[in-house]
Amino acid sequence: MFRRIYICLAACRKGWLAACRPIIDLDSCHTKGYHKCQLMWAIGIDSDNGYYPIAYGVVEKECYETWRWFLELLKIDLKLENPLRITFMTDRQKGLVEAIAVLWERCEHRNCVRHLYANFKKRFRGDKIRYKIWQATRCSNVNDFNNVMEDIKGISESAWLWLSDKLASTWTKSHFSEYSKCDMLLNNLCELVNGDRTILEARSAPIWTMLELIRVKIMNRRAKRRADIEKWYDNVGPKVSEIMELAAKNSREFVCHWGGEGNW
């Protein structure tokens with residue numbers, strides 16, 4: 001009787017170890033065929049900020065036991081021994097938070113801000129408070145974050161208490177580790193995968209057919225991305241190049257001040 005399966009293609013594993021940033025999105029979704037199971041994903045970020053499938057699997061249900069089983073195998077494949085050198089992004093699925101805490105104590109674990117805000121707006125509404133919470137998530141330093149939190153406190157002390165109860169390192173850029181070289185706030189990479197037309201169709205197929213369709217999808221995507229890279233006009237991808245050009249444009253407004261002793 002089928003229970004579960006884990007798949008990490010060698011090309012995906014080698015590519016992630018060789019060139020991807022140490023951040024992994026984790027998510028799961030229901031299959032839609034006769035056998036009702038959970039399809040689990042581990043997704044990375046490629047060199048042009050696109051999604052990079054690392055591993056996937058099918059389990060009987062989503063819980064602490066199945067997430068730990070999936071992550072233990074992922075830990076072996078990706079050699080994730082040092083918890084300070086890996087970041088996870090999740091939607092706080094059933095049992096996932098506990099499984100990560102057991103396998104990688106003290107690792108950076110971010111929560112999708114969209115999921116956080118969905119819970120927040122059930123209690124606190126209004127355009128002003130909505131603007132402030134998103135402003136807080138995008139703060140790049142602690143001082144700015146504290147100032148925005150004071151603004152939130154002035155609008156609604158109960159909202160401020162609700163946010164203060166959440167670890168800042170899980171939802172605002174100001175407290176993110178710099179090691180991952182990624183300021184991603186949303187778990188949208190997994191959503192892009194689950195929303196892909198081929199994956200949606202595959203989820204309605206029998207398990208073996210679904211796994212084969214996913215494998216072919218990953219293979220075709222890798223081939224297309226390889227062809228796209230050969231057309232790059234710069235050392236970085238088009239999306240990253242746009243980010244760098246925008247940063248360069250904004251930096252024209254910066255003013256350099258002498259701080260003494262050769263410091264500026």
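Which residue in strand 4 is the bridge partner of isoleucine 5? The close-up views below take up this pairing and its surroundings in a predicted model.

**View 1. Isoleucine 5 pairs with valine 58.** Valine 58 is the bridge partner of isoleucine 5, and valine 58 lies in strand 4. The two strands here are strand 1 and strand 4, the latter spanning residues 51-59. They run in the antiparallel sense. Their pairing extends over 3 bridges.

**View 2. The open sheet is built from 6 strands.** The strand order is 1-4-3-2-5-6. The pairing is mixed. Strand 1 (5-7) and strand 6 (108-111) stand at the edges. Each of these two has a single partner strand, so one side of each has no neighbour in the sheet. On average, neighbouring strands are turned by 20° against each other, direction ignored.

**View 3. Helix 1 packs on the sheet.** Helix 1 covers residues 10-19. Strand 2 (23-30), strand 3 (38-45) and strand 4 are all touched by helix 1. The direction of helix 1 makes about 135° with that of strand 4.

**View 4. Helix 6 packs against helix 7.** Helix 6 takes in residues 142-155, and helix 7 takes in residues 157-164. The angle between them is about 140°. Their axes are 5 Å apart. The two helices are therefore oblique to each other. From helix 6 come Met149, Ile152, Lys153 and Ile155. They meet Glu157, Ala159, Trp160, Leu163 and Ser164 of helix 7. By class, this contact holds 6 nonpolar, 1 polar and 2 charged residues.

**View 5. Cysteine 20 and cysteine 139 are both without a disulfide partner.** The count of disulfides is 0. Why is cysteine 20 not bonded to cysteine 12? Cysteine 12 has the closest cysteine sulfur, but that sulfur is 9.5 Å from the sulfur of cysteine 20, too far for a bond. A disulfide would need the two sulfur atoms within 2.5 Å. Cysteine 139 is in no disulfide either. The nearest cysteine sulfur belongs to cysteine 182, 18 Å away. Buried or exposed, where do these residues fall? Buried means under 20% relative accessible area. Cysteine 20 is buried, at 17%. Cysteine 139 also counts as buried, at 7%.

**View 6. The protein chain, for orientation, has 11 helices and 6 strands.** Of its 264 residues, 45% count as buried. The C-alpha atoms fill a box of roughly 70 × 50 × 35 Å along the principal axes. Among contacts between residues at least 6 apart in sequence, 64% join residues at least 24 apart.

Note on methods. Residues are numbered from 1 along each chain as its sequence is written. This is a predicted model: local features need pLDDT of at least 70, side-chain atom pairs count only at pLDDT 80 or more; totals for chains, interfaces and linings use all residues. Side-chain values use heavy atoms; hydrogens and water are left out. Buried means under 20% relative accessible area, exposed over 50%, partly exposed in between (1.4 Å probe, protein chains only). Two strands pair if DSSP finds at least two bridges between them. Helices (H or I, at least four residues) and strands (E, at least two) are DSSP runs, numbered from the N terminus. Axes are lines fitted to C-alpha atoms, for helices over the stretch in contact, and angles run from 0 to 180 degrees between N-to-C directions. Contact means heavy atoms within 4.5 Å. Angles under 35 degrees count as roughly parallel, over 145 as roughly antiparallel, 65 to 115 as roughly perpendicular and the rest as oblique. Ala, Val, Leu, Ile, Met, Phe, Trp, Tyr, Cys and Pro count as nonpolar, Asp, Glu, Lys and Arg as charged, and the others, Gly among them, as polar.
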